[in-house]
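Work through these short exercises with the sequence and the model open. Try each task before you read its solution.

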Amino acid sequence: MVGVAQRREVVSFVQQEFGLSERRACQLVTQPRASHRYENRRRTASHLLERLVALAEKRRRFGYPRLHLLLRREGFKVSRKLVYRLYRDAGLKLRTKRKKSQSAELRRPIVDAEWSNDRWSMDFVSDTLSDGRPFRTLTIVDDFTKLSPAIEVDTSISGERVTRVLDRAIELHGQPKVIVVDNGPEFRSKALDTWAKARGIHLHWIDPGKPTQNAYIESFNGRFRDECLNQHSFRDLDDARALIEGWREDYNQLRPHTSLDGRSPEEFILSLAGRMRPARLNPPRQLELFEENPPTPRLS
């Protein structure tokens, strides 16, 4: 659809090339003369626009709602509608992604965590270096606070390596009660099973082929790939570790989350100080079903 600005350009072109009057050129282009002569009298927020473009350039996968939160955090008293108008006029709009068709089968609901360290989720994400060599990342997220305790990067990560990463994360952030994982060989390994029993941590394996049962880490991995992996070309493992760790720190400390009322995970954790932990009236049905019919781990 051609906008008013584009039609103005066409009218000017027709006038210059064919020597037509403004009235005749507007008739040919079907542009009302009132629209052609209209001049926007609204004050252009040049400083705001420059800052918006700078933020969008730095955070290429942020849409205007999250950029609006960052501008408000920096002290700009600006409405969301104005940010959207500037965002649209500057051509910063992200390309929308088409959703894949979803199955209509009945899915088991995921019970929300009610406090920090109630439940962690973890998974693997693969990518390649600039020379084509593949590498893997172990991603971990707290389902309640959205904090990422650790992201481990290497060409290969064994079950024993997973336990060492978890030990370091627990030392810094506390111990979770439950860790949700898929059925990968590292998560079914004897090393992780023995470690979890010694720690008193419950490992919850999702059903094979049902990644939606581990939705929190899948959502985190989508943002991780979109905002970090797809935005960089990693020279080597050291470069990948440095850039990914920088993104993780930014994610924990600065990145606003709409599910946390525009706060970062660390800001949300600070807001929990002094608050009473909510009493759980009914135990989560999902874990009850798991306890009644626990899957037998395939130890490697």
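**Exercise 1. Find the residue just after α5 that takes a positive phi, and give the angle.**

Solution. Go to the end of helix α5 in this predicted model. The helix covers residues 64-73. Just past the helix, G75 has a positive phi of about 105°.

**Exercise 2. State which residues of α5 are buried, and what they pack against.**

Solution. Step one: list the buried positions. They are R66, L67, H68, L70 and L71. Step two: recall the helix geometry. An α-helix has 3.6 residues a turn, so residues three or four places apart point the same way. Step three: look for the partners. The buried residues of α5 pack against α4 (46-58) and α6 (80-89).

**Exercise 3. Place T139 in its surroundings: is T139 buried or exposed?**

Solution. Start with the backbone. T139 lies in strand β2, residues 134-142. Next, check accessibility. The relative accessible area of T139 is 0%; the cut-off for buried is under 20%, so T139 is buried. Then take the polar side. The side chains of T139 and N221 share a polar contact of 2.8 Å. Finally, list contacts, leaving out residues up to four places away in sequence. Among them are S121, M122, D123, V125, I217, F220 and F224. N221 is also one of the contacts of T139.

**Exercise 4. Count the disulfides, then classify C26 and C228.**

Solution. Apply the cut-off: two cysteine sulfur atoms must lie within 2.5 Å. The count is zero disulfides. Now turn to accessibility. C26 has a relative accessible area of 2%, so C26 is buried. C228 is at 0%, and therefore also counts as buried.

Conventions. Residues numbered from 1 in each chain as written. Predicted model: local features only at pLDDT ≥ 70, side-chain atom pairs only at ≥ 80, totals over all residues. Heavy atoms only, no water. Buried < 20%, exposed > 50% of the residue type's maximum accessible area, 1.4 Å probe, protein only. Helix = DSSP H or I, 4+ residues; strand = E, 2+ residues; numbered from the N terminus. Polar contact = N/O pair within 3.5 Å; in protein donor to acceptor, adjacent residues only side chain to side chain. Contact = heavy atoms within 4.5 Å.
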